[in-house]
Amino acid sequence: MDISIEILLLVISLLFFLSILAGKASSRFGVPALVLFLGVGMLCGSDGLGIQFEDIGLAQKISTVALCIILFSGGLDTKISEVKPVLAPGVALATMGVLLTALVSGLIIYLIMWLTNPGVEFTLLTSLLLAATMSSTDSSSVFSILRSKGLHLKHNLRPMLELESGSNDPLAYILVTTLTQLAVTNTEQISVGSIALTLLMQIIIGATLGLLIGKAAIWVINHIKIDNDELYPILVFTFCLFIFSITYLLHGNSYLAIYLAGLVMGNSKFIHKRSSLNFFDELAWMSQLLMFLVLGLLVNPHELIPLIIPGLIISLVMIFIARPAAVFITLLPFRKITLRDKGYISWVGLRGAVPIIFAIMPLAANVPEARTLFNLVFLCTLVSLLLQGTSLAKMAEWMNLVQKPKVVKKVENFDVDFSDDLKSITTEIEIVPEALHKGNKLMDIALPENTLVVMIRRQNNYFIPKGNTALHVGDKLLVITTDHQSLQETYRQLHVKV
């Protein structure tokens with residue numbers, strides 16, 4: 001039955017609206033938003049409201065574009081100055097950690113499936129493929145929870161986890177594609193040497209193209225003259241798609257290339273950088289929302305029921321055995337990282353969008369037992385998000401890894417944004433009666449020398465103040481200062497409670 005475009009758009013808009021409401025509920029109840037996005041998709045799917053979606057090819061195409069955008073956005077948001085002190089352990093976790101997680105998990109999964117589902121022909125190769133799809137971690141849901149709780153981690157844990165999560169997907173992708181190829185090809189025709197050479201070439205080509213084209217993109221953006229400023233974020237998006245596709249056509253690892261290109265561009269200066277970063281933050285969220293809706297629609301909940309027991313066992317094995325083993329072994333050379341730090345890093349082995357995206361690849365390639373593999377990955381992702389995702393903040397507090405953040409009142413009444421290059425702190429302050437006890441003019445308030453009131457909102461009117469501007473109770477002040485010490489003094493002078 002053909003569906004008109006109007007009906008299709010109506011359904012999509014309703015799904016998006018339900019997902020946004022679910023995202024709002026997630027911040028209130030501490031449940032990762034991605035779980036609720038999945039739930040909306042499942043609720044509206046074949047076993048729910050009856051939306052039939054079985055197009056594996058379309059799901060793979062959507063997931064490929066979504067992951068491209070998510071990884072590029074992750075690279076743009078990663079500051080090299082923050083990850084540089086933890087570069088070595090972060091890269092180790094993103095490489096050796098992924099390999100060890102896949103190997104340990106694969107062997108245990110093979111044993112679990114043999115014991116719990118003897119009627120299912122789940123070979124060692126299929127078990128390793130299942131483990132490979134879940135060998136990388138998900139950064140978006142981890143830090144959306146930590147940031148919503150206002151938590152800041154000690155010992156540079158946050159940049160280390162961000163670096164690992166942003167850079168471990170390429171190696172997991174290589175493992176999944178290689179094992180998928182082995183599963184559908186005569187293994188006698190494939191040698192270990194050829195696999196190793198292919199992996200090495202993919203990494204070299206992907207890294208080279210990502211770095212070079214990323215630098216070339218910066219030059220082009222800064223030298224091209226576009227009259228319409230709104231087109232600059234679209235130009236960055238164009239480079240994102242170009243880097244991903246050209247690397248694939250040249251037989252490199254597209255996911256590695258796109259992440260490194262984002263890293264290069266995010267740490268360089270280019271025209272309208274702020275608007276481009278905001279554009280990709282929003283685009284990445286929409287990509288995740290769309291991806292999880294599609295994945296939720298793709299799942300048939302009744303197929304999950306026979307796999308609940310093995311799925312739970314596999315999930316617990318990965319959470320409590322495979323991930324900790326991989327982390328502790330990988331970080332053995334780094335003696336400055338404490339046992340508590342390693343324990344928390346182990347707990348942040350959160351599965352999210354990427355494992356389910358990778359699980360579509362065997363489905364599209366018609367790998368034996370691919371549907372079982374997909375359903376198991378889906379179950380394990382749900383368990384990980386519910387068990388680990390809801391407890392990340394509590395676990396950090398319990399392990400005494402939370403440090404008190406420097407409080408800055410959010411800017412809510414001024415639609416402005418300053419570049420990070422200014423090295424400044426922007427805050428919003430409301431005038432209370434106590435702030436005017438020495439006089440009602442701006443010059444009467446003893447603000448620090450490096451603090452400036454740049455704008456005032458009075459009711460619905462905005463204006464730039466002078467020294468003799470009279471202040472009224474209820475005025476909103478947009479304040480910019482250079483450091484937290486000056487900020488705290490400003491709060492004290494204006495009687496702001498934080």
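## Two buried residues, one long helix and a sheet

The side chain of Thr180 has a polar atom 2.6 Å from the backbone oxygen of Val176. That is a polar contact, meaning a pair of N or O atoms within 3.5 Å; within protein, one must be able to donate a hydrogen and the other to accept it, and residues adjacent in sequence count only if both atoms are side-chain atoms.

A word on the ground rules. This is a predicted model, where local features need pLDDT of at least 70 and side-chain atom pairs count only at pLDDT 80 or more, while totals for chains, interfaces and linings use all residues. Residues are numbered from 1 along each chain as its sequence is written, and side-chain values use heavy atoms, with hydrogens and water left out.

The protein chain has 20 helices and six strands; these are DSSP runs numbered from the N terminus, with helices (H or I) of at least four residues and strands (E) of at least two. Of its 498 residues, 49% are buried. Here, buried is under 20% relative accessible area, exposed is over 50%, and partly exposed is in between (1.4 Å probe, protein chains only). Among contacts (heavy atoms within 4.5 Å) with a separation of 6 or more, 80% are between residues 24 or more positions apart.

Two residues make a handy pair to look at:

| Residue | Where | Relative accessibility |
|---|---|---|
| Thr180 | helix α9 (residues 169-184) | 8%, buried |
| Asn253 | loop between α11 and α12 (254-266) | 0%, buried |

What does Thr180 contact, leaving aside its neighbours within four places in sequence? The list is Leu129, Met361, Pro362, Ala365 and Val367. With Ala365, the C-alpha to C-alpha distance is 7.4 Å, although the two are 185 residues apart in sequence. Asn253, not counting residues up to four places away, touches Pro170, Tyr173, Ile174, Gln202, Gly206 and Thr247.

Thr247 brings us to helix α11, where it is one of the buried residues, along with others including Tyr232, Phe239, Ile243 and Phe244. An α-helix has 3.6 residues a turn, so residues three or four places apart point the same way. Helix α11 (residues 231-249) has 19 residues and should span 27 Å at 1.5 Å a residue, which agrees with the 27 Å between its end C-alpha atoms; the expected span is 1.5 Å times one less than the number of residues. Just past α11, His251 has a positive phi of about 65 degrees.

Now the sheet. Four strands form an open, antiparallel sheet in the order β3-β6-β4-β5, where pairing takes at least two DSSP bridges between two strands. β3 (425-430) and β5 (461-463) are the edge strands, each pairing on one side only. From one strand to the next the twist averages 20 degrees.

β3 and β6 run antiparallel and are joined by six bridges, with Ile425 opposite Thr481 in β6. β4 (residues 452-458) pairs with β6 (residues 476-481) over five bridges, also antiparallel; here Arg457 has Lys476 as its bridge partner.

Is edge strand β3 enclosed or open? Five of its six residues are buried, so β3 is largely enclosed by the rest of the structure. Helix α20 (residues 484-493) lies across β3 and β6, at about 5 degrees to β3. Axes are lines fitted to C-alpha atoms (for helices over the stretch in contact), and angles run from 0 to 180 degrees between N-to-C directions.
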